[in-house]
Amino acid sequence: MRTDDRPLPFAGTDEELKKYLLEFAAASGAWGGRDSRRGEWLLDSGAFLSSNPNTAPHRIRISRSEGGLVLKAQLRALPWTRSKRTRLVDHRLGQLADYLTARVRGSGPEKFSTLPLREPFAPFGSGVAALTASFTWSVLTALVVFAAALLALTLGSVPLMTQSIRDIAAHSHALVQAGAIPLPRLEEAAATGPWMPAVVFAVPIAFFLALVHGAALLSCDLGRRMARMPQASVLFQAILLGLAFFPYSWALSVLVAAGVPAAVHLGSTIVWSRRRERIREGPRPAKAVILIAVALSASLAGAVVPRATEWKGALDRIALFRDSWLLGNPVGAAIARAYYRSTLYTAEPLKEIYSKDDQRSRLAQVIAECGDPQTIPLLRALRFTVVPPGRVHQVEVGQSVRCQSVSVPRKSPDQLEDLEEALDQVSRDTFRGARLRELSALGWHALYYAGPLALLLVAMGALAPFISILFRKLRPPAALFALSACAIVTSLSLVLATSPRDPSPDLAEDLADARPAVRHEAAFRASQLESTAALADALLKAADDADLTVRLWAVAALGKSGDPRAFPKLVERLEDPELFVRYRAAEGLGALKDARAIGPLVRVMRERSWYEGSYALDSLRRIQPGMY
C-alpha cells in the first residue's frame, strides 16, 4: 500500500500522533523523533548494508496536511536495488497507516502482534519450497561475492605483481653478472605478465573474504540483532587489506582496502535485488527443526572438512586432490599448469632474504656482498650467492650484516651460528611483507579446510530444487525421513570416499596392478618412504606408466632407491612431456645424490621453467652443498 499519493485521514491531536508514532517505533524496532526544522516526524529503521529485509535501512517522514497525514518514504538505494527497497518500504508504510488508523478508531496497541511489526518478512521462508529456494539463493550469493572479491583483488594485485616481476627480472640479471644460473631465466621473466600471478595470488584471499562476508550475510538474515554484521565484515576486510598492502604502497593499500570490500558488497546486492522477499505467515521455525538442520549440516561438514595436520601433510593432500580431480581432465590439467607457472612469481614478495624458521619462507638465490675470506664459505653453506664488493647485492656482510638501512653487528665473525642470527635479525627488520604473508596463509588455510565444504554446499544448492519436489510428492513425515536417510547415506559415503584405505603389505604388487588408482596410491606411498631399495624394479616400470599421476610419484620414489639403474631413468624423465613428472624427476635425482646428475640438473635450470628449475636447484645443493 502506498500512502504518499494521498493524505491518510487522521483526526487525532498532535499529542496523540506523537504517542501513536512512538508506540509504533517501539513495536517495530524503529527510532522515532521530531524534525523541528521541517515540522515533521521521523521514523528511522534498519541498519546500513543490512541484507535482512526486516532491517533494510529506510526513513519515513510524517507531516500534517489539511486532509490528514502525509507519509513519505525516504531511502537511498543502488539502481538495481531500488525496486526491491521500494517494495519493502511500501510494506512498512502500509503497516504504519494501518496502525495509526486502528488507534484513532479506538483499538488498543495490544491488537497488534509485535513479531509481524518488528519482523514482517521471513528471510528464509516457512515451507520446504521456500527454505530450499533460500538455501540456493544463499549459495548463489556466496558465489557472486567470491567472484566480486576475486575480480577486485586481482585488479588491486596487478600493480604489486608488476613490480614484483620487475624486481625478479632485475635480480635474475644480477645473478647472471655474478656468474650464477638465474631462476627464473631472463627470457622467462621478460615473457611473464602480471595477470596470471595476480589471479593466483588473489584466489585464496578472495575465498577467505567471501567466507567471512557470506557468514556475515547469513547471520544478518537470522535476526535483527545481527543486522550490523555486514558492516562489521566490510570494516574487517578494509582493515585487514589496508594493513597487509600498506608496507608496499600507501596508495595501493587505500585502493585495495576501499575497492575490495565495496566490490564484495556490490556483488551481494546484485543477488539480493533479484531475491523475492516473503511475508511472514506464522511464528519463527521451531527450535527442534533448527536443531535437526544443524545436526544434519554438521554431519555433512564433518565428512568433508579435512582433519587438522601439519602443513607438509596438507601439501600432500592437496597434491593428491590435484592428481584425482585436476590432472585427469584437460580443463583441470590446464588450471594446474597455469598455477605452477605462476605460483613462484606470486610467492616471491612473501619471502625473506633469510630465515632460521621453516615457517618463514626465504628467497632461493640471495646475492650477498662479502670480501672476507672467512665469511664467504659460511655464506655459501647458507646458500647465498657471494659477490665481491662493488657488485649489485641484496645484503652486505662484513663485520656486520647490513641490508637497506638496517645493520646488525656480528659478535664472532668465524661462527656460523652468529652469522645466522645476524642474517635472521636483519631479515626480520627489513621484511615488509609479514602481514601480507599472514593474510595469504590465512587464505590458503581457509581454502584447504573450508574449500571441500564450500564445494559440497554448491552441489547441495544445485540439488535443493529437487528436495522441494520431494516434499510435494510425499507426505511431510515420509519426505523428512527420506531426506534424513539421504543425508546420512551421503555422509557415510563421503567418509568412506575420503578415508585412506589400509595400506597394502606389498607395494610392488600394487605398482603393477591393472587399476590406475591403485598404482597411483602405491606410487605415492612409496614416495613417502625413507628408502625404496626393495621397490626398485617395480618403480623402474612405474616410471614409464601411461598414467602421469603414477609416473610423477614413481620418479620421486625412485630417487630414494639408491639403485644404479635409477639414474638413466630419472634423466630420461627430465624430458617427460608433463611438467609434473619433470620436476619430480629433478627431485628424485637430488635424493639419489649421483654426481653425474649435475649436468642434467644444470640444463633444467637453464632451459626449463622456474618451477622445475627450483627443484633442480634444491637437488644440486643436496649433491654439492655450498656450490649453488
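These are my notebook entries on what I looked up in this predicted model.

**Entry 1: overall build.** I began with the secondary structure and found 23 helices and 9 strands in the protein. Next came the overall dimensions. Along the principal axes, the C-alpha atoms fill a box of roughly 100 × 60 × 40 Å. The radius of gyration is 32 Å, whereas a compact globule of 628 residues would have one near 25 Å. I noted that gap for anyone who likes to picture the fold before zooming in.

**Entry 2: packing and surface.** How much of the protein counts as buried? I get 47% of the 628 residues. For contacts with a separation of 6 or more, 67% are between residues 24 or more positions apart. The accessible surface comes to about 31,300 Å², and carbon and sulfur atoms hold 61% of that.

**Entry 3: charges.** I looked up 75 positive and 59 negative charges in the protein. Their mean positions lie 9 Å apart.

**Entry 4: cysteines.** How many disulfides does a search of the whole structure find? The search gives 0. I then looked at individual cysteines. Why is Cys 403 without a bond? The closest cysteine sulfur, in Cys 370, is 15 Å from the sulfur of Cys 403, and that is too far because a disulfide needs the two sulfurs within 2.5 Å. Cys 403 also counts as buried, because its relative accessibility is 4% and the cut-off is under 20%. Cys 220 is buried as well, at 0% relative accessibility.

**Entry 5: Glu 16.** I found Glu 16 in helix H1, which runs over residues 14-28. Is Glu 16 buried or partly exposed? Its relative accessible area is 33%, so I put Glu 16 down as partly exposed. I also checked Glu 16 against Arg 103: the two are 87 residues apart along the chain, yet their C-alpha atoms are separated by 9.2 Å.

**Entry 6: helix H20.** My last stop was helix H20, residues 566-573, which is mostly covered. Of its 8 residues, 6 are buried. Which ones are they? My list reads Ala 566, Phe 567, Lys 569, Leu 570, Val 571 and Arg 573, and I was glad to jot down that Lys and Arg appear there beside Ala, Phe, Leu and Val. What covers the buried residues of H20? The cover includes helix H18 (536-542) and helix H19 (548-558), along with helix H21 (579-592) and helix H22 (598-607).

Key. Residues are numbered from 1 along each chain as its sequence is written. This is a predicted model: local features need pLDDT of at least 70, side-chain atom pairs count only at pLDDT 80 or more; totals for chains, interfaces and linings use all residues. Side-chain values use heavy atoms; hydrogens and water are left out. Helices (H or I, at least four residues) and strands (E, at least two) are DSSP runs, numbered from the N terminus. The radius of gyration is taken over C-alpha atoms; the globule rule is 2.2 Å times the number of residues to the power 0.38. Buried means under 20% relative accessible area, exposed over 50%, partly exposed in between (1.4 Å probe, protein chains only). Contact means heavy atoms within 4.5 Å. Accessible areas come from the Shrake-Rupley method with a 1.4 Å probe; for residues, only the protein chains shown count as cover. Lys and Arg count as positive and Asp and Glu as negative; His and the chain ends are not counted. The place of a charge is taken as NZ of Lys, CZ of Arg, CG of Asp or CD of Glu.
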